[in-house]
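The following exercises are meant to be worked through with the sequence and the coordinates side by side. Each task is followed by a solution that proceeds step by step.

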Amino acid sequence: MATSVHRTTLTLPMAALGPDNPLPALHGVGDAHRIEIPQDAALPADMARQTGYAPLRSILPTQMRDGYGRDRHLTDVDALVIENDRLRATVLPGLGGRVHSLHHKPTGRELLYRNPVVQPAAFALNGAWFSGGIEWNIGATGHTTLSCAPLHAARVPAPDGGTMLRLWEWERLRDLPFQVDLWLPDGAEFLYVGVRIRNPHHHTAPAYWWSNTAVREGPHTRVLAPAEAAWHFGYERTLRHVPVPESEGADRTYPLRSEFPADYFYDLPQGTRPWIAALDRDGHGLVQTSTGTLSGRKLFLWGSGRAGRRWQRWLTEPGTGGYAEIQAGLARTQLEHVPLEAGGQFTWLEAYGPLTADPSAVHGTDWAAARDAVETRLSEVLPRADVDAAYAAWLPHADQEPKEHLATGSGWGALETARAGLDLPGTPFDPATLSAAQQPWLTLLRTGELPAAAPLPGPALVSPAWRDLLESARPGAAAEYHLGLAQWHAGDRAQAVRSWERALAHGAGCLPLYCLAVAESVAGEAAHAADRFTEAFACATRSAASDDPTTARVWRETLPALARTAVPALLAAERADEAAAMLAALRPAERAGGRFRLLTAQVLLAQGEPRAAREVFDEGFEIADLQEGAEVLSDTWYAIAERLVVGDGPVTAETAERARAEHPLPERYEFRMRPTDPA
């Protein structure tokens with residue numbers, strides 16, 4: 001059959017994504033990927049430089065996506081299929097362009113780990129993410145903010161005269177447009193993926209890309225790459241250079257031979273053909289290779305320990321098997337960002353397909369022989385020269401204009417195109433995609449004024465260009481509030497505070513109060529922050545009772561998000577009774593959510609009621625948006641256990657150990673991704 005691209009619909013058990021968090025994302029991006037590099041680590045010069053280059057201060061201008069739950073219902077999901085007589089790739093354009101399935105027709109084998117459910121979890125930089133398939137990560141260290149967002153998609157002429165599937169969007173953290181072209185030549189057993197990241201600005205921008213592929217995990221699954229060493233990152237937050245395949249007494253190329261989740265960034269020698277493969281007991285599996293620009297390769301494994309198994313069940317359907325990930329990126333590690341010069345672009349071609357190698361070599365004790373067996377087979381089925389030739393053939397087609405649009409992404413690219421007068425051949429950002437979210441900013445762009453009404457929770461823009469427009473706009477409630485966000489994002493925190501205070505003077509209401517509370521909390525002013533949060537919550541409560549239905553609805557929906565941040569701040573200021581009153585002000589259905597059950601337990605503990613706090617845990621709850629690497633459940637459990645053991649007395653190493661022995665953490669609350677000190 002000739003290569004075709006067509007629409008279809010998948011019906012999958014899915015937890016609804018729900019609304020975005022309405023409050024601005026002022027906090028940092030968390031510390032799951034924070035590292036402490038030993039002095040003797042001896043990082044290569046470029047790696048050391050790129051590890052410290054352009055870290056994110058926050059996820060502004062995006063919003064947190066934490067409105068999902070864990071109740072899954074059969075849901076129709078739009079999908080796009082590109083296939084020939086050998087392969088069928090199924091893509092979800094509304095969920096980050098994820099390749100959900102790569103099916104090899106001659107053998108009937110699924111080459112990816114195809115998650116049978118879509119269960120959002122808090123692994124993306126902005127929250128919602130789900131596991132399985134092939135995902136495209138752009139932006140900064142972590143899973144992209146586009147993990148559960150729609151991308152633009154269209155049919156495009158392919159180099160061989162057939163049809164490609166193009167995905168594209170405007171990535172907002174770094175303000176960079178990108179595209180992913182999926183090309184499946186007639187009769188080919190490899191899916192080609194051409195990727196381009198462009199920097200249309202007059203300044204150098206930090207770039208980041210990792211293509212993450214989920215593969216089925218099994219006791220005999222082995223991951224192979226052309227390396228004899230790797231940089232190991234564990235959730236104990238250190239980076240170490242370790243040998244491959246064996247480290248600390250175990251062969252780490254078998255994902256289930258590790259206990260804890262970990263990253264192994266393979267140290268490929270310069271000039272080596274980049275590839276990575278995951279093969280089963282019989283030597284069958286998936287191989288990924290690329291042109292040299294995409295030089296990084298990585299294995300992520302969940303491990304065989306209790307927490308890794310718990311996370312697997314959390315992210316997938318229990319009883320359907322687990323997965324590991326083989327990944328490819330622009331740098332040695334995902335802790336690095338790479339400078340992309342003004343007006344420049346990064347381009348490369350990837351290839352995904354089936355591979356079978358001699359199982360006795362693949363699983364033999366001679367690592368060099370195992371690697372050679374896989375690389376020899378790869379050279380036979382897809383020579384390196386063929387990948388380079390495919391890249392050369394694809395590159396002139398990267399500017400081909402779409403023939404037929406198949407899916408629509410956001411309007412942010414159209415807004416940036418209008419602001420800067422950009423010409424981006426191949427990735428049109430049509431003005432027709434502009435929506436209500438962009439309308440206030442279009443007004444600012446066209447008139448120099450931002451609508452002056454008191455700002456409601458919603459999207460923001462914080463780049464230097466938009467900051468300049470806000471600084472020249474007529475002062476008003478909305479302009480001063482949004483200027484403060486842009487200043488905060490740039491690290492000008494004192495200026496941000498002054499802007500939010502001016503916004504209050506203009507009658508901006510609750511949002512600047514929230515921002516000032518966060519600023520005081522970050523500055524370590526616990527008492528002042530608690531006062532501000534209390535004031536902001538009272539303001540939001542009054543606004544939720546407004547006669548204006550839109551204002552009332554928006555602030556009613558914002559109260560739980562505000563309480564999530566305010567209650568921990570009140571506890572930090574030792575104002576547990578006020579925290580309890582704030583929780584009581586929420587609706588019963590809101591208080592029943594897992595996040596608020598945990599806060600209830602923490603408040604009860606702070607009020608000197610450890611038995612009541614323990615009852616909350618015994619009743620059971622789930623936090624749908626529990627973050628990657630979070631240890632809040634185990635920390636709270638053991639804090640309660642210590643109070644149950646010692647009462648009001650001091651906690652010592654001996655009593656802490658006793659508390660852990662007498663009150664072991666139930667499996668349902670075990671999500672720790674690193675070894676823990678029992679003391």
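A salt bridge is counted where a side-chain nitrogen of Lys or Arg lies within 4 Å of a carboxyl oxygen of Asp or Glu. The model is a predicted one, and this criterion is applied to it in the first two exercises.

**Exercise 1. Determine which residues are linked with D66 in a network of salt bridges, and how many salt bridges the structure holds.**

Solution. Applying the criterion to the whole model gives 41 salt bridges. Following the links that involve D66 then leads to a network of salt bridges that also takes in R564, R595 and D625.

**Exercise 2. For the pairs E189 with R86, D618 with R614 and E248 with R240, find the distance between N and O atoms, and then place the residues in their surroundings.**

Solution. Begin with E189 and R86, whose closest N and O atoms are 2.4 Å apart. E189 belongs to the loop between β11 and β12, while R86 belongs to the loop between β2 and β3, so this salt bridge ties together parts that are 103 residues apart in sequence. Both partners are partly exposed, since the relative accessible area is 24% for E189 and 28% for R86.

Turn next to D618 and R614, for which the closest N and O atoms are 2.9 Å apart. Here the two residues sit in one helix, α17 (residues 610-619), and, being 4 residues apart, they are separated by about one helical turn. D618 counts as exposed, with a relative accessibility of 51%.

Finally, the side chains of E248 and R240 meet at 3.8 Å, N to O. E248 is exposed at 64% relative accessibility, whereas R240, at 28%, is partly exposed.

**Exercise 3. Decide how α16 and α18 are oriented to each other, parallel or antiparallel, and describe their contact.**

Solution. The first step is the geometry: α16 (residues 594-606) and α18 (residues 632-646) pack at an angle of about 30°, and their axes are 11 Å apart. Since angles under 35 degrees count as roughly parallel, the two helices are roughly parallel to each other. The second step is the handedness, and the crossing of α16 with α18 is left-handed. The third step is the list of residues, in which α16 contributes L598, Q602 and L605, and α18 contributes V632, L633, T636, A639, I640 and R643. Sorted by class, this contact comprises 6 nonpolar, 2 polar and 1 charged residues.

**Exercise 4. Carry out the corresponding analysis for α13 and α14, starting from the angle at which they pack.**

Solution. Helix α13 (residues 549-572) packs on helix α14 (residues 576-584) at an angle of about 165°, with the axes 8 Å apart. As angles over 145 degrees count as roughly antiparallel, α13 and α14 are roughly antiparallel to each other. Their crossing is left-handed. On the α13 side the contact involves A563, A566, V567, L570 and L571, which meet A576, E578, A579, M582 and L583 in α14. The class count for this contact is 9 nonpolar, no polar and 1 charged residues.

**Exercise 5. Identify which residues of α6 are buried, what covers them, and which residue follows the helix.**

Solution. Within α6 (residues 412-420), the residues W412, G413, A414, L415, E416 and T417 are buried. Their cover includes the strand β10 (163-171) together with the helices α7 (439-447) and α8 (464-472). After α6 comes G421, whose phi is positive and near 60°.

**Exercise 6. Locate the cis peptide bonds before P61 and P245, and examine the backbone of A54 and D175.**

Solution. As a point of reference, most residues other than glycine have a negative phi, and most peptide bonds are trans. Against this background, the bond joining L60 and P61 is cis, with omega about 10°, and P61 is placed in the loop between α1 and β2. A cis bond also leads from V244 to P245, with omega near 15°, and P245 lies in the loop between β17 and β18.

For phi, A54 shows a positive value of about 50° although it is not a glycine; A54 is located in the loop between α1 and β2 and is partly exposed at 24% relative accessibility. D175, likewise not a glycine, has a positive phi of about 55°. D175 is found in the loop between β10 and β11, and, with a relative accessible area of 15%, D175 is buried.

Key
Residues numbered from 1 in each chain as written. Predicted model: local features only at pLDDT ≥ 70, side-chain atom pairs only at ≥ 80, totals over all residues. Heavy atoms only, no water. Axes fitted to C-alpha atoms, helices over the stretch in contact; angles between N-to-C directions. Parallel < 35°, antiparallel > 145°, perpendicular 65-115°, else oblique. Left-handed = near helix turned anticlockwise from the far one by under 90°. Contact = heavy atoms within 4.5 Å. Nonpolar A, V, L, I, M, F, W, Y, C, P; charged D, E, K, R; others polar. Buried < 20%, exposed > 50% of the residue type's maximum accessible area, 1.4 Å probe, protein only.
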